[in-house]
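Subject: Handing over the structure

Hi there,

Here is the structure I promised to pass on to you. Please open it alongside this email, and then read on for what I found.

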Amino acid sequence: MNREDFIETKLMDSGASPDYAGYKYLVKALSMGMENTSVLDKVTTILYPTVARQCGVSAMAVERGIRTLINVMWQRSDPETIRVLMGNYAQLAPGNGRFISVVSRRLQMEYKRRGWDV
């Protein structure tokens, strides 16, 4: 399974809806974070602008779209499904950077455990 399909499966299992623009931005951001964890320390300066260029939108649109999707997931999903995605970090609604960082690292570990190349 390729990385983006894996991410999409996990997001949809956690209540993310592909109807939101932030969905495709989050998939790309998580994929980048899984591939290169150093970008997780530079979400606003590297990650958002890179995703924005790939999608033909502004970095601000990427940030806003991801924030909206995370908030919708948090409000509409069963808390247990979010805990499966985020682990013990799911006590309070996370900000974008924390969500992207935690989820991309957890997905990276699971992806590698399955024997797939990140």
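Below is a short tour of how some of the helices meet, with a few single residues along the way.

One thing to keep in mind from the start: this is a predicted model.

**Helices α1 and α2**

A good place to begin is the pair formed by α1, which covers residues 3-13, and α2, which covers residues 21-35. Their axes lie 10 Å apart, and the two helices pack at an angle of about 125°. That angle makes α1 oblique to α2. The crossing of α1 and α2 is right-handed. On the α1 side, the contact is made by R3, E4, F6, I7, E8, L11 and M12. On the α2 side, the partners are Y23, L26, V27, K28, L30, S31, M34 and E35. By type, the residues of this contact of α1 with α2 are nine nonpolar, one polar and five charged.

Two residues from that contact are worth finding in the viewer. Let's take L11 first, which sits in helix α1. With a relative accessibility of 0%, L11 counts as buried because the cut-off for that is under 20%. Leaving aside residues up to four places away in sequence, L11 touches A16, Y23, L26, V27, L30 and L85. If you would like a long-range pair to look at, try L11 and I66: they are 55 residues apart along the chain, and their C-alpha atoms are separated by 12 Å.

The other residue is S31, in helix α2. Is S31 buried or exposed? S31 counts as buried, at 5% relative accessibility. Again not counting residues up to four places away in sequence, S31 touches R3, E4 and I7. The C-alpha atoms of S31 and F6 are 9.5 Å from each other, with these positions 25 residues apart along the chain.

**Helices α2 and α4**

Helix α2 also meets α4, which spans residues 59-76. The axes of α2 and α4 come within 8 Å and cross at roughly 100°, and these two helices are therefore roughly perpendicular to each other. Here G22, Y23, Y25, L26 and A29 of α2 meet A61, V62, G65, I66 and L69 of α4. The residues of this contact of α2 with α4 divide into eight nonpolar, two polar and no charged. You may recognise Y23 and L26, which also take part in the contact of α1 with α2.

K24 is in helix α2 as well. K24 has a relative accessible area of 44%, which leaves it partly exposed. Along the chain, K24 and C55 are 31 residues apart, while their C-alpha atoms are separated by 8.6 Å.

**Helices α5 and α6**

Next, turn the model towards α5, at residues 79-86, and α6, at residues 96-113. The axes of α5 and α6 are 8 Å apart, and the helices pack at an angle of about 70°. These two are therefore roughly perpendicular to each other. Their contact brings together R83, V84, L85 and M86 of α5 with F99, V102, V103, R106 and L107 of α6. In this contact of α5 with α6, seven residues are nonpolar, none is polar and two are charged.

P79 belongs to helix α5. P79 is partly exposed, having a relative accessible area of 48%. P79 and Q91 are 12 residues apart in sequence, and their C-alpha atoms are 9.1 Å apart in space.

**A closer look at α6**

What span does α6 reach from its first C-alpha to its last? This helix of 18 residues reaches 25 Å, close to the 26 Å expected at 1.5 Å a residue. The buried residues of α6 are N96, F99, I100, S101, V102, V103, S104, L107, Q108, E110 and Y111. These buried residues pack against α1, α2, α3 (43-55), α4 and α5. Just after α6, you will find G115, which takes a positive phi of about 85°.

Happy browsing, and do write back with any questions!

Best wishes

Note on methods
Residues numbered from 1 in each chain as written. Predicted model: local features only at pLDDT ≥ 70, side-chain atom pairs only at ≥ 80, totals over all residues. Heavy atoms only, no water. Axes fitted to C-alpha atoms, helices over the stretch in contact; angles between N-to-C directions. Helix = DSSP H or I, 4+ residues; strand = E, 2+ residues; numbered from the N terminus. Parallel < 35°, antiparallel > 145°, perpendicular 65-115°, else oblique. Left-handed = near helix turned anticlockwise from the far one by under 90°. Contact = heavy atoms within 4.5 Å. Nonpolar A, V, L, I, M, F, W, Y, C, P; charged D, E, K, R; others polar. Expected span 1.5 Å × (residues − 1). Buried < 20%, exposed > 50% of the residue type's maximum accessible area, 1.4 Å probe, protein only.
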